[in-house]
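Subject: Structure handover

Hi,

Here is the structure I promised to pass on to you. Have a look at it first, then read my notes below.

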Amino acid sequence: MHESGAAAPMPSMRLTARQAMAAVSDSCVELRPPEGAEPGRPDGPLGWPGYDASRDRACARTGEDESVVAALATIGGTEVVLLAFEFGYLGGSLGERTGDRLEAAYTEARERRLPLVSLIATGGSRMQEGMRALAQLQRVAGQSALHRAEGLPEIAVLRDPTTGGGWATLGAGADVILALPGAQIGFAGSRVRPADADPHAYSAEGQLTAGQIDAVVPPDRLRGALQRWLHLLGGTGRSAAGSAREPVPPPSALGLPELPETGRSAVARARDARRPRAEAYLRAYFDDREEISGDRCGGVDSGIRCGFGRRGGRTIAFAAQCGTATRPAGFRTAARLVRLADRLGIPVLTLVDTPGAANDAEAERAGAGAAIADAFAALAAARVPITSLLIGEGGSGGALALAAPGSLWATPDSYFSVIAPELAAAILKRDPQEVHHTADQLHIRPQDLLDLGIIRGIVPPA
């Protein structure tokens, strides 16, 4: 393995396991492979003709005696347990000895309370070992569950290819999933998927569009991306739980400082296109940040921003609505963010700004009600403190789903309503000219919300 100071290669998709490790780390010291029993019969548990010879050839070609290498490494100054798959060794496939090494690596990470980073390139389970190989997926999943239970982060980097059980465990099961451009990613490998399947669906870019991974990162930026993520998440877990007990302060107001005189003016100001939106608040609040993407169920909502940021040396998770109708994928992504932050012991900030939940037919087919319920449940069950700030429109349940119970603040240019004044007037069969009167009756101004006990306070400008 290597030490810091040596020139590292660029982490392209076709590097060997050790080259890939050197490309992203400052230093690497290989973990000693566990002492496992060799197969009890020639050619493995199934007696697969030629299996031993295939492994010997793979070893001679790659210099490795298994498809995975594990090491203690530092990435940007953060110590991690680093895994890398050697695709040249039987296609990076998972067998029993691979499972031994993965289990040992997870155990080392838990004992040292370190993040686990996986550089994956695998074709899946090793068919020469049959069900004994496939059973390793349960073993890996069990180790990942123990790692999660300790509040330790897991980051996966998907190289080319990442298919089969390696994708369905180490890859898709990670907290943060990064992929190299053009990498083949999917449960079905190229030789077993339908002949007419759209290849884009099995690519890094396709998986990003489908909400299954968080980012596609060019090779020359991967090391920096891992450094930033580990800086944000590397010091988390139960050992950092004390700092998570303190709620984060709400951001200062960036818009108009004076309070609206009427419900009508509150709505007009919140809907003004010139009003500061989520991006302005996130930029002003955080020193640096990284975002997750997608709901892991096939959807992405560009109208919500979720991720982790750094403020005053403290990591804070955020979920921010951007002023559009929030779609089911947005609620599910926010719920995923809150649950991840809760497990890692990281406090949460939510920015509420939506005219309401999307209510078109597509949203209904995507499970709008269930997604909103999931967001409510995630916030209600969180053990870490959640601070919420209403920065614009607070449209009914679609806004309330991201508002922390008992910890909601508001800016002067915002409103919160059980229903949009126009819709309320329509339901009451009032003349359209009575919308303004209806808005006043609903008591939706920030000062009204404070009087009603809905918010804790109105934040002033910085």
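Before anything else, one term: a residue counts as buried when its relative accessible area is under 20%, and as exposed when that value is over 50%. Please also keep in mind that this is a predicted model.

With that cut-off in hand, start at Y285. Its relative accessible area is 4%, so Y285 is buried. F286 comes out at 6%, so F286 is buried too. What kind of pair do Y285 and F286 form? Theirs is an edge-to-face aromatic pair, with 5.1 Å from centre to centre and 85° between the planes. F286 also pairs with F318: here the ring centres are 5.3 Å apart and the planes stand at 40°, so this pair is tilted.

That second pair is worth a closer look in the viewer. F286 sits in the loop between α11 (278–285) and β9 (288–292), while F318 belongs to strand β11 (residues 314–321), so the pair ties together parts that are 32 residues apart in sequence. F318 has a relative accessibility of 1%, so F318 counts as buried as well. Put together, Y285, F286 and F318 make one aromatic cluster. The count of aromatic pairs comes to three.

Next, helix α8, which covers residues 219–233. How far apart are the end C-alpha atoms of α8? They are 21 Å apart, and that agrees with the 21 Å expected for 15 residues at 1.5 Å a residue. The buried residues in α8 are L222, A225, L226, W229, L230, L232 and L233. Why do they end up on the same side of α8? Because they cover an arc of only 155° around the axis. The general background is that an α-helix has 3.6 residues a turn, so residues three or four places apart point the same way. D220 and R221, on the other side of α8, are exposed.

Now for the largest pocket, which holds about 720 Å³ of space. Two elements each give two or more residues to the lining of this pocket: β5 (154–163) and α6 (164–171). How many residues line the largest pocket? There are 22, and those nearest the pocket's centre are G91, G123, G124, T163 and R191. Sorted by class, the lining has twelve polar, eight nonpolar and two charged residues.

Finally, a few backbone details to find for yourself:

- The peptide bond from D160 to P161 is cis, with omega near -5°. P161 is placed in strand β5.
- L90 is not a glycine, yet it has a positive phi of about 50°. You will find L90 in the loop between β3 (78–85) and α3 (96–112).
- S396, another residue other than glycine, has a positive phi near 55°. S396 is in helix α15 (residues 396–400). Is S396 buried, partly exposed or exposed? Its relative accessible area is 34%, so S396 is partly exposed.

If you want one place to begin, try the cluster of Y285, F286 and F318.

Cheers

Definitions and conventions. Residues numbered from 1 in each chain as written. Predicted model: local features only at pLDDT ≥ 70, side-chain atom pairs only at ≥ 80, totals over all residues. Heavy atoms only, no water. 1 Å grid on protein atoms, 1.4 Å probe; cavity = no way out; pocket = protein on both sides within 12 Å on 5 of 7 lines; lining within 4 Å. Points joined across faces, edges and corners; volume = space filled by probe spheres on them. Helix = DSSP H or I, 4+ residues; strand = E, 2+ residues; numbered from the N terminus. Nonpolar A, V, L, I, M, F, W, Y, C, P; charged D, E, K, R; others polar. Expected span 1.5 Å × (residues − 1). Buried < 20%, exposed > 50% of the residue type's maximum accessible area, 1.4 Å probe, protein only. Arc of directions from axis to C-beta. Phe/Tyr/Trp six-rings, centres within 6.5 Å; stacked < 30°, edge-to-face > 60°.
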